[in-house]
Structures are given as C-alpha cells and as structure tokens.
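Could you walk me through this structure stop by stop? I have it open in my viewer and would like to know what to select next.

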Amino acid sequence: MDTVRNLFALVLFPSGLFLLAASLAYEWVDRKLLAQFQNRIGPRWFQPFADVVKLLSKEEVVPRGVDRTLFLGLPIVGLAAALTAALYVPLAGLAPSFSFSGDLIVAIYLLSVLTLCMGLAGSNTIGRFSLVGATRTLTQLFSYEAPFLLALLGPALAAGTWRISDISLYARDHWLILTQPIGFIVAVIGLMGKLELPPFDAPEAETEIVAGALTEYSGRGLALFRLGKGVEMVIGLTLVAAFFLGGVATPLLFLVKTLGLLLVVAGLQAVLARLRIDQTVGLWWRYGTLLVFVQWLLIVLLREVRL
Amino acid sequence: MEPRIEVERFTIPMGPQHPALKEPGRFRITVEGEIVTQAVVRLGYAHRGIEKAAESRNWIRNQYLFERICGICSHIHATAYCLGVERLAGVEVPPRAQVIRVLVAELERIHSHLLWLGVAGHEAGFDTLFMYSWRDREAIMDVLEALTGNRVNYSANVLGGVKCDVDDALRDAILKAVDVLEKRTHHYLKVVTTDALFLQRTRGIGVMTRSQAEVLGAVGPTARASGVARDVRVEAPYAAYSSFPVQIVVDARGDLEARVVVRMRELFECYRLVREILDHLPTGEVRGRMPRRVPEGETVSRVEAPRGELFYFLKSNGSDTPERVRVRTPTICNMTSVVRLVVGHQLADVPMILAGIDPCFSCNDRVIDVDRVGRSPEQWTWEQLRAHGVDTYHGHRP
C-alpha cells in the first residue's frame, strides 16, 4: 500500500503530472498578466503547453566542446530536484506527502539545485554568452539565497519548528504578513530573484548575453529547464503564501492566495527596470540581508518580552 | 624563473546577429569579469550600394531610392536630396511646400524619438516603457498616413515641392494627436527622470564631456546632451526653418540620462513647432516646375535628421542622372563615441550606451571595408575582389 501511495505522490500528485500542469497554468497567468500590464494581448491559455510540446519534439543540438553526459543530464537533475521539493510543500492546500523535522531547509536546497544545474549547464559549454550567463546565474544565486532563506526562517522561528507542515499549520491562525512585513517583502523579492524574473533577469538579459546560461540549449534540455522554472515558481508561491498569508487550508484558499501573490509579482515585473548584476548583489547584501536580520532581531526580542 | 602572469582576454562578440542590435553590426567587446576593457566596431554588413545605384537612375527616381536609406527618417533623406537638386537646378520651391516639408520633418522627429525611447527602455530591461511609447507612437503614424498615404517611406517630397497638402480636417487631426502626445511625453519625462531603477542604468553612465564630444565629432541629440549647441536647423536654416526658428535643447551633463532628457525635451519643441506651423500655413501652390535635366555643377546639402546632421554631396554632369552622390548619415559620426565610451563600463551598460546614440546601421553603411591586414592595392581585379569576399565572409581567417 505504501508503495502505491509513494508512486502516486511521485507521478501524479503533488509531484509529477499535477505539478507540471500547474506550472504551465501559472506560467500562462504570469505571462498574460504581464502582457495586460504592458498593454499587450498576451498568449492564449495553451501557449506554455504548446511551447513545451514544440521544444520536446525538436532536435537537441549538442554543441562542440561540451561534456555530453553533463549537457544532457543537468536538465533532468534540475527538474527532478524541483519536482522532489514539491513533496514537502502543502500544494493545493493539502498536507505535504512527506514531512520531517527540518524539511524546510531540504525543500529550499532542492529548489536551489535547479539554479545550480542551470549555472553548471552554462559553464559546461564554451559559448561566451553561456559563460557570462552562468557566472551571473551563480553570482545571483549567492546573493539572493541567504536573504530568501532567512526570510522564510522568520515564520519558522515564530512557529518554533522547521517542519513545513507545522509552520503552515501555525500560520493558518497567524497572518504573519502583519507581524513580519519585512520578511514577507524580502521573501517575495527573493522569489523573483530565484526565478530570474525582471528586474532580476540580468543572468538572461537578452540585450546583452542572448539567453544567458541556456543559450546553447534547444529542444528537450530547454523544455526541461523551463518546466523546472515553472515548478519552482509554483512551489515558491505556495511557500510564501502558506507562511505569510494566513496559510493555505483549502484548495480554494490556495488558488486565491497564490494567484493574488502572482498578481503582485507580475505587477512588479512590469514596473521595474532590469538591475545590473552588481546592483543586484549590492541590493541583496546591503539591504535585503540587513532588513531580514532586523526582522529576526524583532522576532527574538518580542518572544523574549512575551515570555 | 619569474612566474608569468597572463591576463586572459575574454572577448564577447556582439553581432552581426545579436538581440541587442536590430540591424547587423559587429562589436568585439573585450571584458575582464564584467568590465569592458576594449571595444572594436565593424560595420558594413548592410552595405547596399545605393550611391552607385543612384548613378544609373534619373533625378526623379533617385529621390525614392534615397528615401529607402533609412526607414525611420526617410523624409529627411528625401528633403536633403531635394534641397540639393533644387539648388543645382535653380528651382524656387513655393513657400507652402517648404513649410509642409518642415511639418513632415518634425512629425518624423516625434515618431523617431518616441521609437528611440522604447528601444532605450527595452535595452534597459524596462519593457513596459517600450510597449507604451510604441503604442503612443501609433498616433503620429496615423497622422503621417493620413497626410501622405504611408506610415513609413511616406515620400512627402517631390522635386520642386511636396505631393501632399494640409486641409482643415487634417489640421485638426494633427493637433489632436499632438495634444495627446504632449501629455504622454510629460509623463515619460517624469518617468525617466524619477524612476529609481531606470536612473540607476542611465545616470552617470557613458559620460561624454563637451570636449570629447567635439573631438569625436558627435552630432545631433548625442552632442547636444554633452553641451554642444549644434543643430543644422539653427546654424544654417533650410526649407522654412528661418521663419519657424527652433530652440536648441542642450544638456551639459553628457550621460545617458542627459541623452534621454534632451530627446524628450526636443519632443516638446517639435510639438510647439507643429502647432505654430499649422497656425501660420502660407497659402499658395505646393509644387513648382522642375526640369528633367539638371545643369552641371556640384553642391552640398545639410539637414538635421532626428539623429543629427545629415550630409549630402551632389554632383551633376548636366544629364538627367547624377554623376556622383555621397551620403553621410549621423550614425557614422556618433559611432566612434560608442567604442570610446563603453571602455571601463559594465558589460550590461554596452547595449544602453550603444542605444544612446540611436544607431541606424543600415543607414551608415556606405563604404566597403577593404583589406585591413595586408597591403591594399589601389585597383582590384574581379578575381581579387572575389577571393577577398570569399576569404572575408567564409568566417574564420586561416
């Protein structure tokens, strides 16, 4: 029975097919919203799906000078890591399939594996654009990762546990956005950095380095990386909504809160100009990290006072 | 033995095909980390042999050929050409035609600057600005279509005058479009001077001092943003600019922000000029008589294109075709400033600095780049030229 349940969790829900479908749907919502903000019409609802199908059916060109195994393997590892992270997250308002003490760290680590894979994929090739893109991807990883993790640890501190399911249970009765507004802002912006959305899209700034780390990718590899990004977006939105926005107790609440968050994210994408990579690093280490530490200090002090 | 430290030179090829360039041009950017240490430009990918082609077409057909040098500023090319030919032929252009030429030129400047604002926004990763300014630009495109029948390559000029006239309905339509755009331009000027993230990409970036601008021979808004008050419309008024004087917009700061601000403020000047022209349109004919043959002689014709000074040299041998036409577009004058200014900046600033001069590669490609490495004989045989071409375009030199 356990095997069947595990298999179900891996292949259908919450990981696997459900998550892939959800990621495509969320990608469409994001693109559509951004288009509407920019006074464009935007893609039709099945466009992300059609993109993936098209990419999967295309020939995958392996350029000269790359390690073939790595080139073909990295997209699979990246997507697998992102999908695995979903097992610990309260997707669609249901309890996570698996859960253990400290799984918050594991989930965030698994999400970073995808970014790491993209960085490695870029540095694996000999293309100039890929190499610069890879450097930027990894530089960005080191700048937003710490503040993002620290921001998500704020609710963990408040709840007194590092288990995602327990934190989200605690958050259902406490709208942590009210008590930890700084943490919420840093988490949302950190999520945008993680997803390399504008204004943090320097790693794939098309006007400078074409498509960044993924310039040499076409066909299946590109499709898998893009799916991975979509999965990362759904998981990230779920985590932030579950932790800060009063929890996601039911599928309806999940939908409303994550889509509301996506609206904010799309709006920010529309109104902000791209940051240079040095400005991104400066922003995170000069302001993001400091702000989160201030938040932490407040949490700890308030707890002391209450005790 | 002393350890030899070799700094590895990492060059990033931008172009001939690159998302930042809408036209083919090639920049070899040498970087150390993200800092640019050297930039080399290579042009000539869109050389179309227009000057040579002009020698086998008659004076009338050539106007339409020269309009096609640039899709964005086609009218100003035709104006420069017509002014020169009319001077050679000694033809007087009726006042109403001259004023309409200026009107179309200013409308063209509005659409060119709005287009540029969008491109600059796109290069800065600010696509919303791009989408909005291009949407608003449609108002001017509609007006140009109503006035001349075309959205681009409008051919408002003919030798000896213009082919279109302004009636009352058209006048109201133009005024309405200008009113709308003026409001929008106020908004854009506010955005580009107050948006913190956009300013981070423009303020203090690509600073060109006044003396640099003079030495490098910068023209147009690029030079005016470095404090060089140079504008052909003021220095040597052509067409009807002597009766409708232009205020030069100058900014002394010389950075990218100044280049944006100068172009935005020039838009207000355009709006003012368009209104003034529509209020004081002289009456009368819009075309004069033009002979088929142009008397022997040569002349120079200078006009202010949206990107800067546009220069035409015309030589006639008395027949119905020109003997020689030479065109120099503003982009070629500003290009040297790009390769100079990007050094020391971040790689991310290169597209911005390049966009800052509002480059138009296809317009400036006039000459073939002949053998730079080896000896360059005065005359090439067909076989030599062919071998050179195969060698150059085969990709890598052995």
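Which residue takes a positive phi just after helix 3 of chain B? Select G90(B): its phi is about 65°. Before you go further, keep in mind that this is a predicted model.

**Back along helix 3 of chain B**

Now extend the selection to residues 74-89, which make up helix 3 of chain B. At 1.5 Å a residue, its 16 residues should span 22 Å, and the end C-alpha atoms are indeed 22 Å apart, so expectation and model agree. Colour the helix by burial next. Of its 16 residues, 14 are buried, so helix 3 of chain B is largely enclosed by the rest of the structure.

**A three-stranded sheet in chain B**

Stay in chain B and show its strands 1, 2 and 3. They form an open, antiparallel sheet in the order 1-2-3. Strand 1 (10-14) and strand 3 (35-42) are the edge strands, each pairing on one side only. From one strand to the next, the twist averages 20°. Zoom in on strand 1 and strand 2 (residues 26-32), where five bridges hold the antiparallel pairing. To find your place there, pick P13(B), whose bridge partner in strand 2 is R28(B).

**A hairpin further along chain B**

Select residues 308-316 and 322-328 of chain B, which are strand 7 and strand 8. These two strands run antiparallel and are joined by six bridges. One pair to highlight is K315(B) with its bridge partner R324(B) in strand 8. The two strands form a hairpin with five residues between them, and G318(B) in the turn has a positive phi of about 90°.

**Two non-glycine residues with positive phi**

Next, jump to N153(B), in the loop between helix 5 (127-148) and strand 4 (157-158) of chain B. Its phi is near 45°, a positive value in a residue other than glycine. Then visit D358(B), in the loop between helix 13 (350-356) and helix 14 (361-364) of chain B. D358(B) is not a glycine either, yet its positive phi is about 55°.

Which of these residues is buried, and which is partly exposed? N153(B) has 16 C-beta neighbours inside 10 Å, so it counts as partly exposed. D358(B) is buried, with 27 other C-beta atoms within 10 Å.

**Over to chain A: helices 4, 5 and 11**

Show helix 4 (residues 68-85) and helix 5 (residues 103-124) of chain A. Their axes lie 8 Å apart and the packing angle is about 165°. The two helices are therefore roughly antiparallel to each other, and their crossing is left-handed. For the contact, display side chains including L70(A), F71(A) and L74(A) from helix 4 of chain A, and A107(A), L110(A) and L111(A) from helix 5 of chain A.

Keep helix 5 of chain A on screen and add helix 11 (residues 220-244) of chain A. Their axes come within 10 Å and cross at roughly 150°, which makes this pair roughly antiparallel as well. This crossing, too, is left-handed. Here L111(A), L114(A) and M118(A) of helix 5 meet F225(A), G228(A), E232(A) and I235(A) of helix 11. L111(A), L114(A) and M118(A) are also among the residues of helix 5 of chain A that make the contact with helix 4 of chain A.

**Last stop: a cis peptide bond**

Finally, select P198(A) and P199(A). The peptide bond from P198(A) to P199(A) is cis, with omega near 5°. P199(A) sits in the loop between helix 9 (181-194) and helix 10 (206-209) of chain A.

Definitions and conventions
Residues numbered from 1 in each chain as written. Chains lettered and ligands numbered in written order. Predicted model: local features only at pLDDT ≥ 70, side-chain atom pairs only at ≥ 80, totals over all residues. Helix = DSSP H or I, 4+ residues; strand = E, 2+ residues; numbered from the N terminus. Expected span 1.5 Å × (residues − 1). Buried ≥ 20, exposed ≤ 12 C-beta atoms within 10 Å, placed from the backbone. Pairing = 2+ DSSP bridges. Axes fitted to C-alpha atoms, helices over the stretch in contact; angles between N-to-C directions. Parallel < 35°, antiparallel > 145°, perpendicular 65-115°, else oblique. Left-handed = near helix turned anticlockwise from the far one by under 90°. Contact = placed C-beta atoms within 7 Å.
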